[in-house]
Number of protein chains: 2
Amino acid sequence: MSSQQVDNTYERFLDHVKQYHYLSGASMMLGWDQRVTMPEGGTPARAKQASALSAVQHDMLTDDDLAAMLDDLEGAVEGERAAIVRETRRSHERAARVPDDLVERLTEASANAHPVWKQAKADADFGQFEETLREIVDLRREYAEAIDPDRDPYAVLVEEYEPYIPLSDIEATLERLREELPPLIDDIGDSDVELANPLAGTYDQDDQESLVREALDTLGYDWDRGRLDTAAHPFSVGTQFDARVTTRFSPDDPLDALGSTIHEFGHASYTLGLPDSEYGTPLGSDRDMTIHESQSRLWENHVGRSLPFWRLFTPVVEDHLGVETEPRALYEAANRVYDDNLIRVEADELTYHLHIVLRWEIERDLIRGDLAVSEVPAVWNDRMEEYLGVRPENDAEGCLQDTHWAGASFGYFPTYSLGSMLAAQLFAAAERDLGPLDDDIENGAFDPLSEWLTENVHQHGCRYTTPELVESATGERLTADYFLDYAREKYGQLYDLEN
Amino acid sequence: MSSQQVDNTYERFLDHVKQYHYLSGASMMLGWDQRVTMPEGGTPARAKQASALSAVQHDMLTDDDLAAMLDDLEGAVEGERAAIVRETRRSHERAARVPDDLVERLTEASANAHPVWKQAKADADFGQFEETLREIVDLRREYAEAIDPDRDPYAVLVEEYEPYIPLSDIEATLERLREELPPLIDDIGDSDVELANPLAGTYDQDDQESLVREALDTLGYDWDRGRLDTAAHPFSVGTQFDARVTTRFSPDDPLDALGSTIHEFGHASYTLGLPDSEYGTPLGSDRDMTIHESQSRLWENHVGRSLPFWRLFTPVVEDHLGVETEPRALYEAANRVYDDNLIRVEADELTYHLHIVLRWEIERDLIRGDLAVSEVPAVWNDRMEEYLGVRPENDAEGCLQDTHWAGASFGYFPTYSLGSMLAAQLFAAAERDLGPLDDDIENGAFDPLSEWLTENVHQHGCRYTTPELVESATGERLTADYFLDYAREKYGQLYDLEN
């Protein structure tokens with residue numbers, strides 16, 4: 001093709017890509033509404049609307065004309081254009097390889113699985129869910145095989161969420177956590193230190209809400225491009241023009257709402273940092289779940305669980321909740337390690353990753369056909385005992401606690417741990433560039449960190465692959481080194497451990 | 001075609017129709033979010049999402065395959081199937097006849113017009129808006145000509161909102177209101193009666209909100225399929241599974257919020273009365289703006305402005321607003337006629353229709369080319385003086401007050417008056433079937449009326465044309481008789497007029 005022909009094809013291609021992304025944005029908003037504002041009776045109509053929209057998106061992504069344009073453009077464009085072609089081709093191929101009827105069966109199976117899982121969890125009875133889970137595992141294996149029959153199906157599924165970091169690297173990271181965290185957690189368990197808990201009691205939802213709103217103000221959330229609502233399972237969705245945060249309140253744990261709000265702020269700040277001018281292309285879209293989770297964890301843990309943050313924020317907490325305490329006490333309360341906790345979403349920064357390791361091992365073996373669905377509860381309970389020294393008394397606090405598998409998500413869990421590793425690595429890189437951030441945090445000066453993250457991570461969208469982005473932002477490959485150093489230093493100090 | 005071929009074609013056709021309607025439902029929800037929950041910064045992304053979705057819907061509606069199926073099915077199916085074919089053909093033809101670039105120019109022009117109109121209104125200066133309005137009038141004339149070059153362009157535009165009642169009938173109705181209302185309004189102006197106003201003062205928004213929520217409870221709003229929010233210009237949208245109401249609060253006029261909420265309840269109750277099983281087809285869709293407005297006006301005026309309603313609801317008002325009054329006083333307050341009011345949305349039940357007559361005359365003449373855009377302010381002011389005896393002091397309280405023309409809506413206004421006429425006619429028909437409803441209303445027993453409306457109006461969706469539906473529900477054609485009788489009796493009594 002002449003360069004004029006390439007330009008013309010590219011324009012047509014870009015228009016197609018943008019229309020597709022705009023429709024994805026519409027879908028996301030319908031999802032937000034369903035989880036936040038929709039009355040429950042609206043479900044049947046919303047299911048039809050979402051599925052019609054998803055069918056249109058699927059058609060646009062698997063379109064023959066798009067395939068032809070991708071063939072024409074590959075190798076003919078470079079730089080940002082090549083990145084857009086690369087990302088679109090990846091999405092196109094994954095979508096095109098999966099037969100329509102399999103997509104429909106998967107969507108239907110996971111929609112039907114949700115109430116079955118919910119009831120099984122309520123009854124703490126895995127037996128009710130077993131057949132449903134078997135069906136979903138089989139469909140997901142079929143799905144992975146449709147995408148690539150020659151590769152490890154679990155690797156194929158992980159790429160839904162983390163497309164570019166090789167599974168061998170991911171697994172090496174998880175194995176290292178499995179290796180190195182238990183001794184630290186054991187030392188903490190053996191420590192005589194009792195961390196403070198100055199917020200025993202119950203707190204009004206209104207007070208908690210005004211507190212988390214002030215946290216969002218303090219961190220620099222742009223209310224003109226966002227809003228805060230409540231949701232049963234907090235999440236954040238949106239675009240660079242409108243990235244919304246949700247949270248939840250429990251009467252006796254205001255730190256839960258605060259931590260969860262700061263976590264979702266991290267997700268939203270990533271989305272809001274994507275370039276406005278690239279809205280509708282992969283350059284204006286978030287990279288993947290690893291990067292997303294690195295942003296939420298960085299703000300939740302490296303900022304929100306730091307001593308300087310509590311020096312800044314303790315008076316705010318005192319003011320909204322009507323308590324009298326001190327920064328060190330709240331810092332301790334936000335960093336208690338619970339070595340007898342069975343529930344992932346209630347876990348601390350350390351034991352959290354052993355919850356993930358357990359799920360990774362089980363889902364990997366299920367997808368590879370190395371573990372029967374019927375064996376899940378026993379394996380779960382045994383591994384909990386092995387890694388964390390506690391054993392669930394029933395399936396509700398064991399293998400039924402998470403919704404991911406009922407939702408047909410296999411390969412998602414590892415990105416939670418990868419995100420934490422990357423959060424520590426990015427925070428260290430930011431401090432190398434900007435100097436120690438303690439004073440900034442204590443003074444409520446979050447702009448330097450925010451701007452560093454936008455410049456080094458957010459603004460690139462999907463311009464780079466994940467490993468390229470990690471290397472360009474931190475100067476090295478993704479590593480657990482920074483997280484483990486951070487963990488040993490912070491918790492060694494908190495629990496008065498010998499180093 | 002064999003009957004088997006017809007059945008197959010019909011199934012394929014119906015699937016296409018449903019997908020189209022589901023996407024319309026998705027569009028509506030994006031619109032709700034934009035007006036109710038979206039942060040302002042989200043506008044650029046939402047505009048792209050809405051326009052991408054609307055382009056998909058336009059393609060589906062103008063699709064050649066759909067055209068071929070319509071040709072095959074017309075005359076080959078009957079009953080409900082024929083109604084679905086009739087309604088789909090009508091939408092298809094209107095969409096197919098308008099060139100894509102004209103649709104885009106119209107969308108763009110009205111999007112651009114909104115801020116120009118808003119500023120012109122803020123500055124009370126029609127001159128700033130004149131050129132923009134001229135452009136929109138020209139585009140709408142071009143649009144009407146594209147649909148049918150051989151017919152009165154205004155008639156073609158009215159059919160966007162009221163497709164089946166002949167314009168000659170509509171105009172005869174409006175002419176009759178222009179004839180018969182002024183003498184009644186004059187008599188009221190001459191009356192010595194001063195109606196009560198027991199709610200002078202200001203009221204907390206929270207108290208007003210709990211009041212209107214109780215009103216929705218009382219009328220039987222299904223909260224499992226709806227919700228209440230605030231919006232600058234109250235509206236209702238949704239489906240039979242999820243029909244939402246919005247309202248607004250002004251500190252010194254709690255009756256405004258209440259009336260507006262009951263009005264939107266009427267719209268929502270229509271939507272909720274559409275059959276669940278037909279969601280996604282014209283049989284599960286609202287008929288048109290005339291029918292919609294008849295439902296909102298029936299509840300707002302014939303229920304919410306009736307003496308029995310105030311017998312029921314006065315204790316509730318007293319309770320929420322902390323006042324002490326009596327039913328007759330609130331009844332009078334809700335029915336004051338303001339013969340010096342310049343603003344349509346603040347008008348009473350009687351003068352309201354002269355505001356509509358004025359707009360109908362002006363927009364009809366603009367579209368027919370009988371009136372220059374530059375003459376609009378002068379004609380507006382002269383007619384206000386002629387019909388209502390008051391003259392706007394500036395364009396903000398004159399021809400700039402409504403957003404419709406800036407939004408390229410010409411032909412919409414008449415449906416407001418038609419809806420009121422039909423509301424009176426339906427209420428009379430319901431009382432013929434059920435007996436006088438005063439006692440039911442006073443006792444808060446709204447089910448008989450609701451069920452009558454669902455059975456006679458809502459459940460039919462678009463099965464019938466509007467005249468057929470009116471005749472099947474009331475036994476006669478749409479007429480202003482019932483409204484005028486109702487108005488003369490009610491206001492004759494309120495203002496102590498000689499009959």
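Copies are superposed by least squares on the C-alpha atoms of residues with pLDDT of at least 70 in both. The exercises below concern a predicted model.

**Exercise 1. Determine how chain A and chain B are related.**

Solution.
1. Superposing chain A on chain B takes a rotation of 180°, with 0.0 Å of shift along its axis, and gives an RMSD of 0.0 Å.
2. The two copies are therefore related as by a two-fold rotation axis.
3. The same surface serves both copies, since 100% of the contact residues of chain A recur in chain B.

**Exercise 2. Describe the contact between chain A and chain B, and the make-up of the side that chain A contributes.**

Solution.
1. Chain A and chain B each bring 31 residues to the contact.
2. On the side of chain A that touches chain B, α1 (3-36) and α2 (43-62) of chain A each supply at least two residues.
3. The most is given by α1(A), with eight residues.
4. Sorted by class, this side of chain A has 15 nonpolar, nine polar and seven charged residues.

**Exercise 3. Classify the packing of helix α8 against helix α20 in chain B and identify the residues that meet.**

Solution.
1. Helix α8 (residues 167-190) of chain B and helix α20 (residues 481-494) of chain B pack at an angle of about 5°, and their axes are 11 Å apart.
2. Angles under 35 degrees count as roughly parallel, so α8(B) is roughly parallel to α20(B).
3. From α8(B), the residues B:E180, B:L184 and B:I188 take part; they meet B:L484, B:A487, B:R488 and B:Y491 of α20(B).
4. By class, the contact of α8(B) with α20(B) comprises five nonpolar, no polar and two charged residues.

**Exercise 4. Establish the strand order of the three-stranded sheet in chain B, its edges, and the helix that packs on it.**

Solution.
1. The three strands form an open sheet in the order β1-β3-β2 (chain B), with mixed pairing.
2. At the edges stand β1 (228-230) and β2 (236-239) of chain B; each has a single partner strand, so one side of each is left without a neighbour in the sheet.
3. From one strand to the next, the twist averages 25°.
4. Strand β3 (residues 242-247) of chain B pairs with β2(B) in the antiparallel sense over four bridges.
5. Within this pairing, B:G238 has B:A243 in β3(B) as its bridge partner.
6. Helix α10 (residues 254-273) of chain B packs on the sheet and touches β2 and β3 of chain B. The direction of α10(B) makes about 165° with that of β3(B).

Note on methods:
Residues numbered from 1 in each chain as written. Chains lettered and ligands numbered in written order. Predicted model: local features only at pLDDT ≥ 70, side-chain atom pairs only at ≥ 80, totals over all residues. Axes fitted to C-alpha atoms, helices over the stretch in contact; angles between N-to-C directions. Parallel < 35°, antiparallel > 145°, perpendicular 65-115°, else oblique. Contact = placed C-beta atoms within 7 Å. Nonpolar A, V, L, I, M, F, W, Y, C, P; charged D, E, K, R; others polar. Pairing = 2+ DSSP bridges.
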